[in-house]
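Thank you for passing this structure along for comment. Please find a short set of points for someone meeting the structure here without prior background.

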Amino acid sequence: MTSKFHSADKRGFTLVELLVVIAIIGILIGLLLPAVQAAREAARRMQCTNNIKQVSLALHNYHDAHNSLPTSCPFGSFGWYTNKNNNYANMSVSVCLLPFMEESARYDVILDLDRQQVEGKISVWANPGSFFNQDVYRNRINGLICPSEPNGSLPAGYADNARTNIMYCLGDGTSKLDAPWNHPNYVSVSTKKCNSRGLFHMNSWKTFAACTDGTSNTAAVSESASVQSNYYSAVKGGSATVSGFYTGDLDCHPDVCMNGARNPNDPTQLLTNCDTWRGSFYQDGRAWNGFHTVLPPNAPSCQATSTGYWGAIYPANSFHSGGVNVGMADGSVRFVSETVDCGDLSATSTQCTGKSPYGVWGAMGTPSGGETVSQ
């Protein structure tokens, strides 16, 4: 008996069916990728929030230990070790906070280097072995870096220094930011002395008692992108010069900066850039490592000249979508939108008493302007 076995026809995918499957997979990936990226950014923003929270808590611990907040880059040059309980050198608030951020060993090394510089044993800038050309300044402090910062793990363009994204509040005080080096009359001209307009101006040790508007209403810490190189042209991290921004009477004009700093052909770039070191040195306490509450977050920065920052506006900025994290003086952290109310940007920025003309954002930066902030 003969039997015949008939096998079923084996049939594969046609080209059309294969293309349809690939197209469906591509569509699904296209739908999922933004969600994945958003989730990753949410995680980075949460870590940034935690970093600012830790810095805010370190400010409170410093205040408990020294009965004041640290100052930012006070008058004089170095010699900080002679008054180490408060910052008396060209150093940033972040350096003063190192012992309260589990960085006591780094703090002690910096203190010893400062002593050697004051005694003439090492120079400030000259390589090798200078004050700033040290491993203690090259090694990154993760708590000062926003995870969304694309350059955070890279050394700065200057001296291979470790970067910082943490900035300290200058309120709406925008004139004489480098005094007394360029303005010896800083102290005598009270109408232009605006160091009361933020918690961390030069040579200005404040206490939390200065926050008469309430610590929950007063900004202390925020963030900024760091520059990739000098004369950096990106809005986030860079600074611009704009004709009419800074006038001879020491007034800054925020509306001129806001309307004239960006390149009209590419709003992410500046039209004319400056020599700026913003975020390049975590140990540098000069004004470019601070932030003003005048122009909204992610607005352009402007300086008086390409190399002069005696008059400047440095807004907070970040790579987060739509705004920046802000640490308040009570230790809380808020996300402030780039659409925050900034009041009258045509107002010149040398008003040194009373309410800020710059709306809710200006009120958040002034510790004793007589405003309260509700959100």
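The points below move from the chain as a whole to its enclosed spaces.

1. The model is predicted, and its values should be read with that in mind. The secondary structure of the protein chain is made up of six helices and nine strands.

2. The protein chain has 375 residues, of which 51% count as buried. Its accessible surface comes to about 16,400 Å², and carbon and sulfur atoms account for 55% of that area.

3. Turning to contacts in the protein chain, when those between residues at least 6 apart in sequence are taken, 68% of them join residues that are at least 24 apart.

4. How many cavities of 30 Å³ or more does the structure hold? There are three such cavities, and the largest cavity encloses about 90 Å³ of space. This largest cavity is lined by 14 residues, and those closest to its centre are Leu170, Lys176, Leu177, His201 and Met202. By class, the lining of the largest cavity comprises seven nonpolar, five polar and two charged residues.

5. The second largest cavity has a volume of about 60 Å³, and the residues that line it include Ser72, Ser92, Thr164, Tyr168, Tyr282, Asp284, Arg286 and Asn289. Two elements, α2 (93-97) and β1 (166-171), each give two or more residues to the lining of this second largest cavity. Sorted by class, the lining of the second largest cavity has six polar residues, four nonpolar residues and two charged residues.

Notes. Residues numbered from 1 in each chain as written. Predicted model: local features only at pLDDT ≥ 70, side-chain atom pairs only at ≥ 80, totals over all residues. Heavy atoms only, no water. Helix = DSSP H or I, 4+ residues; strand = E, 2+ residues; numbered from the N terminus. Buried < 20%, exposed > 50% of the residue type's maximum accessible area, 1.4 Å probe, protein only. Contact = heavy atoms within 4.5 Å. Areas by Shrake-Rupley, 256 points an atom, 1.4 Å probe, with all protein chains shown as cover. 1 Å grid on protein atoms, 1.4 Å probe; cavity = no way out; pocket = protein on both sides within 12 Å on 5 of 7 lines; lining within 4 Å. Points joined across faces, edges and corners; volume = space filled by probe spheres on them. Nonpolar A, V, L, I, M, F, W, Y, C, P; charged D, E, K, R; others polar.
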